[in-house]
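This report goes through a single protein chain, taking its helices, strands, metal site and some individual residues in turn. The sequence and the structure come first.

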Amino acid sequence: MARHYKVLLAIHPALKKVAEPVDTVDANIKELMQDMTRIMKEKKGVGLAATQIGVSKRVLTIDVRYVKKDKPNLFCMANPEILWASETQESEKEYCFSIPEIGVEVKRPTEVKVRYVDEHNQTQEIHATGLLARCFQHELDHLNGIVTLDYLSPLRRQLAIKKLQRLDRAQRLEEAAEKETASHHPL
Ligand SMILES: [Zn+2]
């Protein structure tokens, strides 16, 4: 049965951790990749890093098909690394599962060459451009304990953190209320 994972907010300490490399893509890592793909699809996101669900492993999934319908490519990556990045950079607003509703402008290289191990434990290399390149760099940041808020000025960062803290409290209250209701229906 698929495990239940919660997508953590950027203020959670797990998102500050540098994730551990994967030895081999075995059945466990493959299952993690499948769970991450499912979460990403359910939430209609284009990318997810294992750190965002509290798993400190260098694993990420990307599928940009939700915005670019012509490119239905699912990438499951272990130990991803950038081999080359273009000098040309572009600034664009990025949204993140761990930072709901707060878009942050981030300047990044427009093209990157990436090496990774796929779901069949095979080493692959791709040349990513456009949204794929941006998404990959965003997820790789997560594996290194970096979130988009870290690109903000100190003041704007503080404001965003306060907003996330309020959201975190609201989510906890909601969860507590759900548990309370559930306990009223014994079987
Ligand atoms: Zn993110």
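## Helix α1 and its surroundings

The buried residues of α1 pack against four strands: β1, β2, β3 (74-85) and β6 (111-117). The model is a predicted one. The residues of α1 that are buried are I29, L32, M33, D35, M36, T37, I39 and M40. Two features lie at the ends of this helix. At its start, a side-chain oxygen of D26 comes to within 3.2 Å of the backbone nitrogen of N28. Just after α1, K44 has a positive phi of about 50 degrees.

M40 also appears among the contacts of D63, a residue of strand β2. Leaving aside neighbours within four places in sequence, D63 is in contact with M40, G45, V46, N73 and L74. D63 has a relative accessible area of 0% and is therefore buried.

## Helix lengths

Helices α1 and α3 can each be checked against the span expected at 1.5 Å a residue.

| Helix | Residues | Number of residues | Expected span | Distance between end C-alpha atoms |
|---|---|---|---|---|
| α1 | 27-42 | 16 residues | 22 Å | 22 Å |
| α3 | 154-183 | 30 residues | 44 Å | 43 Å |

The end-to-end distance of α1 agrees with the expected span. The distance for α3 agrees as well. In α3, the buried residues are A160, I161, L164 and D168. The buried residues of this helix pack against β5.

## The β4-β5 hairpin

Strand β5 (residues 99-109) is joined to strand β4 (residues 89-96) by 7 bridges, and the two run antiparallel. They form a hairpin, with 2 residues between the strands. Within this pairing, K93 stands opposite E105 in β5. In a regular strand, side chains alternate between the two faces of the sheet.

## The zinc site

Which residues coordinate the zinc ion? The donors are C96 through SG, H138 through NE2 and H142 through NE2, at 2.1 to 2.2 Å. Along the chain these donors follow the spacing C-x41-H-x3-H. C96 lies in strand β4 and H138 in helix α2 (residues 130-143), so this pair ties together parts of the chain that are 42 residues apart in sequence. Both C96 and H138 are buried. For C96 the relative accessible area is 9%, which is why it counts as buried.

## Cysteines

How many disulfides does the model contain? The count is 0 disulfides. C76 is in no disulfide, and the nearest cysteine sulfur, that of C135, is 12 Å away. A pair of cysteine sulfur atoms would have to lie within 2.5 Å to count as a disulfide. C76 has a relative accessible area of 6%, so this cysteine is buried.

## Q52, beside the zinc donors

Q52 lies in the loop between β1 (47-49) and β2 (59-63). Is this loop residue buried or exposed? Q52 is buried, because its relative accessible area is 1%, and the cut-off for buried is under 20%.

Leaving aside neighbours within four places in sequence, Q52 is in contact with K6, V7, L8, L15, C96, F97, S98, E139 and H142. This list includes C96 and H142, two residues that are also donors to the zinc ion. Two polar contacts involve the side chain of Q52. One is with the side chain of S98, at 3.0 Å. The other is with the side chain of H142, at 3.5 Å. Q52 can also be placed relative to V18: the two are 34 residues apart along the chain, and their C-alpha atoms are separated by 12 Å.

## A14, before the first helix

A14 lies in the segment before α1. Its relative accessibility is 16%, so A14 counts as buried. Not counting residues up to four places away in sequence, A14 touches L8, T51 and G54. L8 is thus listed as a contact of A14 and also of Q52. A14 and A49 are 35 residues apart in sequence, and their C-alpha atoms are 12 Å apart in space.

Notes:
Residues numbered from 1 in each chain as written. Predicted model: local features only at pLDDT ≥ 70, side-chain atom pairs only at ≥ 80, totals over all residues. Heavy atoms only, no water. Pairing = 2+ DSSP bridges. Buried < 20%, exposed > 50% of the residue type's maximum accessible area, 1.4 Å probe, protein only. Contact = heavy atoms within 4.5 Å. Polar contact = N/O pair within 3.5 Å; in protein donor to acceptor, adjacent residues only side chain to side chain. Donors = N, O, S within 2.8 Å, 3.2 Å for Na, K, Ca; no water. Expected span 1.5 Å × (residues − 1).
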